[in-house]
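Q: Could you take a close look at one part of this model for me? I'd like to go through a single interface in some detail.

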Amino acid sequence: MLKRLRENKSAQGTLLALPTTFWMFILLIIPLILTAIVSFGKRSPDGNVIYTFSLDNYIRLIGISSDCPAGQTTCFNPLYVQILWRSLTLAFNSTVLVIMLAYPLAYFIARSHPNRRTTFLFMVLIPLWTNFVIRVYAWMMLLRKEGAINAVLGWVAHLLHINFVPLEMLYTPGAVLVGMVYEFLPFMILPIYTSLEKIDNSLYEAAADLGANPFRTFLRVTLPLSMPGVVAGTILVFIPVMGTFIVSDLLGGKQVILIGNLIQRQFLDARDPAFGSASSLILMVMTLIVTYFYTRKFGFGEEIVAA
Amino acid sequence: MTSEFAVELRDVVKRFVTPEGNEIAAVDHVTMQIKNGEFFSMLGSSGCGKTTSLRMIAGFEWTTEGEVYIEGNPMGHTPPFQRKVNTVFQSYALFQHMTVFQNIAFGLEMEGAKEDEIKQRVGRALEMVQLTGMERRKPKQLSGGQQQRVAVARALVKTPDVLLLDEPLGALDLKLRKEMQLELKALQQQLGITFIYVTHDQEEALTMSDRIAVMSNGRVQQIGTPVEIYERPSNKFVADFIGESNFLDGQIKSLSKDEAQVFIPALNTELRGIPISQGLVKGEDVVVSIRPEKIRITEKNAKNDNFFKAKVTNTVYIGADTHVYTESQGVKIKVLEQNHISRLDTSSFYTVGQEVGLVLMPENTLVLKKV
Ligand SMILES: Nc1ncnc2c1ncn2[C@@H]1O[C@H](COP(=O)(O)OP(=O)(O)O)[C@@H](O)[C@H]1O
Ligand SMILES: [Mg+2]
């Protein structure tokens, strides 16, 4: 038995994947099936689920409402479509911004002296040692009307004898964007760094040898060869930004409601698990669609792992 | 062509600080002049400074002291992309994200060549290295030998004045290496471009080169044609490094204009009429060097000049040659005999312990300074 296992590579693979497969089944597949079932149910008046097969929750999500002004039975209520669209654009904007900030930094680290790289990478990781929520709270302290940023600006204005009205920064879409970018920056820096660090120095030399100045070398050699890192980072950033509710909750308040907040409220405040489940599935489907088209075009950045 | 020399290194020094904090001279006062259209090799064992020398010509490193001239112009800190030399890298350094065509076209695009011209020139370059039809492959889809050809084509398509090659065949197996040696040599002759070729393989250097610079410890030991380097090594290092040599310690007994008499204490023999080339003085301690294939084995009682008796200690038959190991008064001497005639007749072999006579032909014997 053991001897046969030793010779059978594919059986070894199956065996190694077994524990994970087991947990994935218990903790992912089964809950997912339950969510799907609940999403077709209805809310009972006391906040429980009535199991039926009804598409009401999905109809409500795409904006067809039964809660209408007097005289109408159905009407269009774009609230949920707006929330979905807001989540999508915010995730897109955050990802682009994160790439723009992470790339130069990753490039700088990858080209710095090998002895220093570890220190720099360490510094990138340090914020992750602090709890996610606490880091968002820190941004509240900074962005508040009485916060650090306004205090500094007020002090400068005072010195320059300018009249200063504290800026309203907290509870704006901008605050949520800043928070998202800050939270997920390391997840972009690391894969880009990894793919840049892998580029053999002789390739830069070859490009120079063939007549490319540093700028064209970057465009034609460095950038394309580091794309796997950008792709991997994009997946690592885009998906969580789509679903996170803490950042928008704390920094966006009631102003910036994302799909994550919607789901959370359905389960905790509105006590409508059926509608919450439908929202969750819509989020998942949307993320899957975006990721599908993205990876079909760019791959998963698997070269970064394979090469 | 503004200068007689394609490339010239004048008293070039390159120092590095090692990670341990020591300063080493990777290239130590090197001077060499490489003529236009020449196949020039730098030959030496690993770590002797060949690659560093080549990289200073390409512009990847700058000299610590001295100057590199290309076509007579001092290079100073001219960056690589402004030098009219191209490099074939040891690791090939092909762009993995580009096809063969794109790799070769890259250098032309950087020159701003038009699309039609690029197509035409890439086509010709591919023909030259016999890779027509492979345009659309990625480097990973090629064999080592094919990748090597792409690297050559990518550099040659730029029609450089000088092509620099750093052990370009090092990663190939022996048979392919021999083929590529001849191909590269033919290509160089056909194009008339100056090749500067780095290798640690002496046979490769002897096969391909017009001239060779033998290097060791960052210094040039000798520059010369393959024949000069083999037949007239200028010091013991070169005599030992290129081919094989027997070395005998001796002392100059007397000296005429172009000949010397050398006494070999260990053999208690005097060697006469040995040609000398450099400034030696009477009484000087020297090393006599003689190649194994240039010693004649004779009867043990023959009457000859520069003759001494020896005992056969071992023989090794290797097909084309037989190696005969002998010993004379504690001095080991290796002789190489070509197997002109079939040795099926075992009586024609030397037997271990047999007494023979060895004759050193004066014209094939060298007197070298003791270093
Ligand atoms: N960048 C560098 N930093 C420190 N030492 C180096 C560097 N490059 C080369 N060396 C040293 O210089 C010497 C010559 O190296 P190299 O020119 O590569 O030799 P070769 O090509 O003949 O094998 C070696 O001792 C090597 O360790
Ligand atoms: Mg080398």
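How many residue pairs are in polar contact across the interface of chain B and chain A?

A: The rule finds seven such pairs across the interface of chain B and chain A, both residues at pLDDT 80 or more. A polar contact here is a pair of N or O atoms within 3.5 Å; within protein, one must be able to donate a hydrogen and the other to accept it, and residues adjacent in sequence count only if both atoms are side-chain atoms.

Some ground rules before going on. This is a predicted model, where local features need pLDDT of at least 70 and side-chain atom pairs count only at pLDDT 80 or more, while totals for chains, interfaces and linings use all residues. Residues are numbered from 1 along each chain as its sequence is written, chains are lettered from A and ligands numbered from 1 in the order in which they are written, and side-chain values use heavy atoms, with hydrogens and water left out.

Back to the interface. Chain B puts in 21 residues and chain A 17 residues, with contact meaning heavy atoms within 4.5 Å. Together the two chains bury about 1,800 Å², and carbon and sulfur atoms carry 61% of that. Buried area is the accessible area (1.4 Å probe) that two parts lose on being put together, summed over both. On the chain B side, F81(B), H97(B) and M110(B) lose the most area to chain A, together giving 34% of what that side buries.

Then there's the charged part: the count between chain B and chain A is two salt bridges, each being a side-chain nitrogen of Lys or Arg within 4 Å of a carboxyl oxygen of Asp or Glu. R220(A) pairs up with E109(B) in a salt bridge, and their closest N and O atoms are 2.6 Å apart.

Which elements of chain B give two or more residues to this side? They are helix 1 (50-58), strand 6 (85-88) and helix 2 (100-111). Helix 2 of chain B supplies the largest share, four residues. Helices (H or I, at least four residues) and strands (E, at least two) are DSSP runs, numbered from the N terminus.

As for make-up, the side of chain B that touches chain A splits into 12 nonpolar, five polar and four charged residues. In that tally, Ala, Val, Leu, Ile, Met, Phe, Trp, Tyr, Cys and Pro count as nonpolar, Asp, Glu, Lys and Arg as charged, and the others, Gly among them, as polar.
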